[in-house]
Amino acid sequence: QSSHATQLTAIGLSTTIIVGAIVVQTMYLAKKIDKLQQTIDVISEDIDAQNILFYLNKLSRYFGTVESARVILLDKMLVSETRDIAPTLITELAVQRNEVLALIDNLIAFADKATERHLEHMLEFITLMMDIMPKAIYIESQLCDRFEKFRLSEHLMRESGKRYNNTLQDFRSWCNNKAKAAIAGESDPIAIAFHEKRSMLLDLFNAEHNQLLLQQLKTPSLQHVTC
């Protein structure tokens, strides 16, 4: 990936397109989705709450749809053969994305009540989802773009970017509040969980590539915060 990015930089392509190409054209996203699925499996075994399990199933379906879209984007020659299924796929992505973002908001509230054992899993799970979402949104936007829905692509990127960043800000504020409470000695179990996941959380909150992927594209393409 590093060599490929260097080659693209040498011919003058923007960083956004380089990152987008890596997301679409390599197994990078698929591997992240596999890791998330493993975390879903752990939480499903560890938490006996039917409403949470229901939404975890929705989450699995969403990222399965994202991976299907990524595979279609790999070959531009597939446009004519997939034009009839593209509208359905685009609709499913939009509906499922909103469900997942709502789920993340609910999980933050659920994590606030989690036990020490559950909290570590929940932090990792939410962080993984928040890291993958910009890639999924980018894939969805590029799918619209591929099938000449250019205005929809730009609108989706603009509105989804706002929605994602609002959720990211809420998660960051929640983490900061919990970390401050732990430092004040109010909750030692929470202090342990946040200490163990501090590096992962900082990586998420400082992930410039996620913000690059959420930038609004002015023309058809594929083509920092602190904790």
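**Exercise 1.** In this predicted model, how many aromatic pairs does the structure hold?

Solution. The structure holds three aromatic pairs. One of them joins F171 and F205, whose ring centres lie 5.8 Å apart with the planes at 55 degrees, so this pair is tilted. The reasoning needs one cut-off: planes under 30 degrees apart count as stacked, over 60 as edge-to-face and the rest as tilted. Next, place the two residues: F171 belongs to helix α8 and F205 to helix α9, so the pair ties together parts that are 34 residues apart in sequence. Finally, ring pairs link F171, W174 and F205 into a cluster.

**Exercise 2.** Decide whether F171 and F205 are buried or exposed.

Solution. Buried means under 20% relative accessible area. F171 and F205 are both buried.

**Exercise 3.** Describe the largest nonpolar core and find which helix gives the largest share of it.

Solution. Start with the count: the largest nonpolar core has 59 residues. Then list the helices that each supply at least two residues; among them are α2 (15–25), α3 (28–46) and α4 (50–73). The largest share, 16 residues, comes from α7. Within the core, F63 and F171 have the most contacts. Leaving aside neighbours within four places in sequence, F63 touches I33, L36, I132, M133 and A136.

**Exercise 4.** State how many disulfides the structure holds, and where C144 and C175 stand in terms of burial.

Solution. The structure holds zero disulfides. C144 has a relative accessible area of 0%, so C144 is buried. For C175 the value is 1%, so C175 is buried.

Notes: Residues numbered from 1 in each chain as written. Predicted model: local features only at pLDDT ≥ 70, side-chain atom pairs only at ≥ 80, totals over all residues. Heavy atoms only, no water. Core = buried A, V, L, I, M, F, W, Y, C linked by side-chain atoms within 4.5 Å. Buried < 20%, exposed > 50% of the residue type's maximum accessible area, 1.4 Å probe, protein only. Helix = DSSP H or I, 4+ residues; strand = E, 2+ residues; numbered from the N terminus. Contact = heavy atoms within 4.5 Å. Phe/Tyr/Trp six-rings, centres within 6.5 Å; stacked < 30°, edge-to-face > 60°. Disulfide = S-S within 2.5 Å.
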